[in-house]
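Visitor: I am new to this one. Could you show me the structure and take me through it?

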Amino acid sequence: DKSLRESDKRSNLIIDNLNQLDGSYLDIGSQLGYFVFKMAEVGFVSTGIECSKYPHKYASSLKVINENNNVSFINMCIDSKNIKNIPNFDVISILNVFHHLVYFLGFDAADIIMKQLVSKTNSKLFFETGEYEEKGEYWSDSLSFMKSDSKSWIYNYLCSLGFSTVSIIGEFPTHLNNHNRTLFCCNK
């Protein structure tokens with residue numbers, strides 16, 4: 001399955017860009033828990049937050065079946081108010097979630113969420129999002145502020161959040177269209 005191969009490449013890139021292979025890890029929008037389980041495999045105490053109840057139940061069931069004691073899943077829809085209540089984590093990933101936050105909550109709320117995530121990140125944050133160039137998606141027009149160069153807008157936006165360095169570590173196709181999305185590594 002192509003999407004599994006791409007997730008494996010992305011998780012390997014994330015792992016390759018870590019300073020150490022232990023600590024705490026949070027995945028925002030964890031879906032079925034792929035990244036949460038991968039990070040637990042290499043030594044992290046891993047947590048996933050997932051808004052949709054069925055993917056959350058599936059991931060939680062996998063945790064029990066496989067007896068993963070260093071993995072947890074939270075069924076919660078993050079917003080600009082409750083995000084401040086999550087604890088700090090050494091490493092946070094927010095992969096392909098930001099564009100949904102912008103569409104459903106508006107840019108101002110998504111910006112508050114991102115600023116809170118930066119404050120909750122001890123070491124590194126990994127970021128990937130839908131991009132304005134992906135025309136025809138229900139959320140595309142809500143990203144018009146990115147103009148026609150999403151990669152540059154995202155890079156500048158992540159830099160403005162106060163990271164010491166922001167770097168592009170990969171580009172990956174999406175199952176939705178032929179546009180590649182950019183994976184960023186942000187260091188505190």
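Guide: We shall look at the sheet, then at the helices; please note that this is a predicted model.

Visitor: In what order do the strands of the open sheet stand?

Guide: The order is E3-E2-E1-E4-E5-E7-E6, so named for seven strands with mixed pairing.

Visitor: And which strands stand at the edges?

Guide: Those are strand E3 (71-75) and strand E6 (165-173). Each has a single partner strand, so one side of each is left without a neighbour in the sheet.

Visitor: By how many degrees are neighbouring strands turned against each other?

Guide: On average the turn is 15 degrees, direction ignored.

Visitor: Take E1 and E2, then. In which sense do they pair, and over how many bridges?

Guide: Strand E1 (residues 23-28) pairs with strand E2 (residues 44-50) in the parallel sense, over six bridges. Tyr25 stands opposite Ser46 in E2.

Visitor: Which strands does helix H6 touch?

Guide: Helix H6 (residues 150-160) packs on the sheet and touches strand E5 (121-128), E6 and strand E7 (180-187). The direction of H6 makes about 15 degrees with that of E7.

Visitor: New topic: at what angle do H4 and H5 pack?

Guide: Helix H4 (residues 98-105) and helix H5 (residues 107-120) pack at about 135 degrees, and their axes are 7 Å apart. That angle makes H4 oblique to H5.

Visitor: Which residues meet there?

Guide: From H4 they are Phe98, Leu101, Val102 and Leu105; from H5 they are Phe107, Ala109, Ala110, Ile113 and Met114. By class, this contact has nine nonpolar residues, no polar and no charged ones.

Note on methods. Residues numbered from 1 in each chain as written. Predicted model: local features only at pLDDT ≥ 70, side-chain atom pairs only at ≥ 80, totals over all residues. Heavy atoms only, no water. Axes fitted to C-alpha atoms, helices over the stretch in contact; angles between N-to-C directions. Helix = DSSP H or I, 4+ residues; strand = E, 2+ residues; numbered from the N terminus. Parallel < 35°, antiparallel > 145°, perpendicular 65-115°, else oblique. Contact = heavy atoms within 4.5 Å. Nonpolar A, V, L, I, M, F, W, Y, C, P; charged D, E, K, R; others polar. Pairing = 2+ DSSP bridges.
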